[in-house]
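Welcome! Please take a moment with the sequence and the 3D view below, and then let us walk through them together.

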Amino acid sequence: SILSVDCAQNIVVIKTMSGLASGAAAALDGMGISSMVGSLAGDDTALLIMRDSEDARTLCGEIKEMLN
């Protein structure tokens with residue numbers, strides 16, 4: 001359901017198909033990622049708040065790897 005992922009500073013932005021951002025954010029919340037402070041999801045976009053920029057880049061890269 002994830003279409004794209006990118007990061008800006010300590011925020012990871014995930015674009016999904018319409019209506020699926022909440023599910024993607026809930027799945028990531030449930031993974032117990034210690035560097036993730038929290039998430040906020042709309043209809044097709046989820047924002048993940050990471051502890052710092054390096055954590056955001058790392059998670060963004062891991063998600064991109066999974067999508068390939």
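About 4,000 Å² of the protein is exposed, and carbon and sulfur atoms supply 54% of that area. This is a predicted model, so please read the values here as computed from it. Of the 68 residues, 26% count as buried.

Let us turn to the overall fold. The protein has 2 helices and 4 strands, and along the sequence they follow the pattern β-β-α-β-β-α. The radius of gyration is 11 Å, close to the 11 Å that the globule rule gives for 68 residues, so the protein is as compact as a globular protein of that length. If you like to picture a container, the C-alpha atoms fill a box of roughly 30 × 25 × 20 Å, taken along the principal axes. Contacts also link distant parts of the sequence: among those with a separation of 6 or more, 46% are between residues 24 or more positions apart.

Next comes the surface. Which residues form a nonpolar patch there? They are Val37, Leu40, Leu47 and Ile49, which together have about 330 Å² of accessible area. Strands β3 (36-41) and β4 (45-50) each supply at least two residues of this patch. One of the patch members, Leu47, lies in strand β4. Leu47 counts as partly exposed because its relative accessibility is 30%, which falls between the limits of under 20% for buried and over 50% for exposed.

Now for the charged side chains. Side chains of opposite charge can pair when their charged atoms come close. How many salt bridges does the structure hold? It holds 1. The partners are Arg57 and Glu54, whose closest N and O atoms are 2.9 Å apart. Why are these two residues about one helical turn apart? Arg57 and Glu54 are separated by about one helical turn because they sit 3 residues apart in helix α2 (residues 53-67).

Is each partner buried or partly exposed? Arg57 has 46% relative accessibility, so it counts as partly exposed. Glu54, at 44%, also counts as partly exposed.

The table below gathers the three residues whose accessibility was discussed above.

| Residue | Relative accessibility | Class |
|---|---|---|
| Arg57 | 46% | partly exposed |
| Glu54 | 44% | partly exposed |
| Leu47 | 30% | partly exposed |

To find these places in the view, look for helix α2 (residues 53-67), which holds Arg57 and Glu54, and for strands β3 (36-41) and β4 (45-50), which supply residues of the nonpolar patch.

Key:
Residues are numbered from 1 along each chain as its sequence is written. This is a predicted model: local features need pLDDT of at least 70, side-chain atom pairs count only at pLDDT 80 or more; totals for chains, interfaces and linings use all residues. Side-chain values use heavy atoms; hydrogens and water are left out. A salt bridge is a side-chain nitrogen of Lys or Arg within 4 Å of a carboxyl oxygen of Asp or Glu. Buried means under 20% relative accessible area, exposed over 50%, partly exposed in between (1.4 Å probe, protein chains only). Patches are made of residues with over 30% relative accessible area and no salt bridge: like charges are joined within 9 Å, nonpolar side chains (Val, Leu, Ile, Met, Phe, Trp, Tyr) within 5 Å. Accessible areas come from the Shrake-Rupley method with a 1.4 Å probe; for residues, only the protein chains shown count as cover. The radius of gyration is taken over C-alpha atoms; the globule rule is 2.2 Å times the number of residues to the power 0.38. Contact means heavy atoms within 4.5 Å.
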